[in-house]
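Please open the model in your viewer and keep the sequence panel beside it. The stops below begin with one pair of helices and then widen to the whole chain.

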Amino acid sequence: MLSQAREEDSSEGSLPTVNGVECDNAQASELQPWQRYLVLFIVSWNCLVVTSASTSLLVATPEIAATLHTTPEILNATNSGVLLAMGFSSLFWSPLSDIVGRRVSYNASLVVLFTSSIGTAVAPQMSVFTAMRILSGFTGTWFMVAGQTIIADLFPPLVRGRAVGCQMVGTVAGTALGPSIGGIIITYDNWRWIYWLQTCQAALGLVLSFLYIPSIASRVRQATEGGKDAPQHLGQLFNPIRVFRLFLKSQILLADLACGFLAVTQYALLSSVRHIINPRFNLTTPLISGLFYLSPGIGFMVGSLAGGRLSDHMVKRWIAKRDGLRLPKDRLNSGIVHLFFILPASSLLYGWGLHYDFGGIPLAIIMAFWIGIGLMGAWNGLNTYTGEVIPDRRSDVVCSKYVLQYVFAASATGMIVPMIDAIGVGWSFTICAFLHLAGGIIVVYVARYAPDKVA
């Protein structure tokens with residue numbers, strides 16, 4: 001098995017290169033280095049836009065509810081619907097990219113995000129507001145799936161973790177910056193300006209994407225040229241079973257589960273701030289409560305960048321141990337310390353500090369920061385692993401990860417406030433700590449004992 005893996009790894013050395021940089025795609029290899037990093041910025045920016053759209057209302061729910069004649073509880077329930085739409089969005093956009101090409105599909109999803117943002121900003125009633133937000137969410141994880149596959153095309157394995165870390169900055173910074181910026185807007189103006197800002201952000205992403213995202217030939221066109229029946233191939237592409245069948249592969253299911261456990265803590269933290277932080281510390285304005293989100297947000301960014309470097313360092317370390325052999329699962333080792341130590345400790349201190357009112361707001365801020373670092377440090381290796389474990393089905397594997405991850409995220413968003421009311425914030429985040437320990441066991445198993453190659 002090791003000799004076979006070594007042959008597969010050495011085959012990566014024959015990939016097309018430009019200025020000594022390996023690429024997984026011949027068309028992408030034609031890009032200059034500055035173009036690669038510009039594309040990395042674009043995919044990271046679009047991830048920031050769509051994730052901030054999913055959380056920007058968290059700090060403004062009373063104001064939005066009053067305008068649309070509903071309740072904050074109903075608004076929070078619709079946010080779970082947005083997250084579910086995000087989770088399943090790639091089941092549509094990924095097959096479409098195989099038909100019309102990734103660039104066309106990517107730009108089309110940005111058009112949908114742009115127009116639905118306008119619709120949300122002008123929504124006259126709750127039904128329109130909900131429909132427009134779910135439509136914008138339906139573009140969600142496609143930006144992440146496409147971004148990870150674009151990164152895998154453009155960046156060689158030994159620096160791929162850092163590139164994924166940069167994309168994750170956009171992905172996770174949006175979830176924290178959305179409420180922070182929303183708090184500023186709500187304090188000084190109408191909540192609708194949150195979505196007008198989102199419209200401008202989507203417009204910038206669309207223009208940059210149209211100009212610089214590389215074009216990758218569609219699989220349907222390649223299949224047709226190869227003599228396959230195009231209509232039959234179309235049916236296979238849009239059949240979601242092809243993604244769900246990946247859950248039958250133990251390494252993929254386990255890696256996806258570990259990502260889902262991380263999503264529970266992320267959205268439990270973000271969705272409960274106004275419910276538990278505001279009344280405990282008398283944060284009376286959206287501006288002040290919105291600023292609290294900067295703590296996990298900065299942790300997300302630091303953890304993403306540091307986690308990417310640690311992930312690549314771990315790959316190099318295991319290559320040296322194996323005399324030049326690289327396995328995708330090696331980078332999972334970089335998340336073990338986060339799952340077994342940083343995340344459980346920070347989750348327990350955050351939850352029980354709030355439960356018993358010790359440490360005050362400084363402890364909550366510091367622990368939220370460390371939760372952010374722990375989440376991203378654990379996520380980086382898992383995200384990069386899913387993009388590498390089956391190279392010829394890269395988009396499908398990443399799609400499966402986001403389906404499961406956002407099912408967990410939607411569940412956490414809908415359940416965290418009732419759970420805190422029922423059992424307390426301390427026990428709620430103790431559950432999160434146990435999920436991280438379970439995720440650590442999963443990662444250790446996949447990294448150390450699972451077969452080197454996914455059957």
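Select helix H9 and helix H19 together in this predicted model, and turn the view until you can follow how they pass each other, for the crossing of H9 and H19 is right-handed. H9 covers residues 157-188 and H19 covers residues 360-388, and their axes approach to within 9 Å while crossing at roughly 120°. Because of that angle, H9 counts as oblique to H19.

Next, show the side chains where the two helices meet. On H9, select Pro157, Arg160, Gly161, Val164, Gly165, Met168 and Val172, and on H19 select Met376, Trp379, Asn380, Asn383, Thr384 and Glu388, since these residues make the contact. Colouring them by character will give you six nonpolar, five polar and two charged residues.

Now move to two cysteines, and ask of each whether it is buried or exposed. Cys47 has a relative accessibility of 0%, so this residue counts as buried; Cys432, with a relative accessible area of 2%, is buried as well. How many disulfides does a search of the whole structure find? The search finds zero.

Finally, zoom out to the complete chain, whose secondary structure consists of 21 helices and two strands. If you colour the 455 residues by accessibility, the buried ones make up 58% of the chain. Of the contacts with a separation of 6 or more, 83% are between residues 24 or more positions apart.

Note on methods. Residues numbered from 1 in each chain as written. Predicted model: local features only at pLDDT ≥ 70, side-chain atom pairs only at ≥ 80, totals over all residues. Heavy atoms only, no water. Axes fitted to C-alpha atoms, helices over the stretch in contact; angles between N-to-C directions. Helix = DSSP H or I, 4+ residues; strand = E, 2+ residues; numbered from the N terminus. Parallel < 35°, antiparallel > 145°, perpendicular 65-115°, else oblique. Left-handed = near helix turned anticlockwise from the far one by under 90°. Contact = heavy atoms within 4.5 Å. Nonpolar A, V, L, I, M, F, W, Y, C, P; charged D, E, K, R; others polar. Disulfide = S-S within 2.5 Å. Buried < 20%, exposed > 50% of the residue type's maximum accessible area, 1.4 Å probe, protein only.
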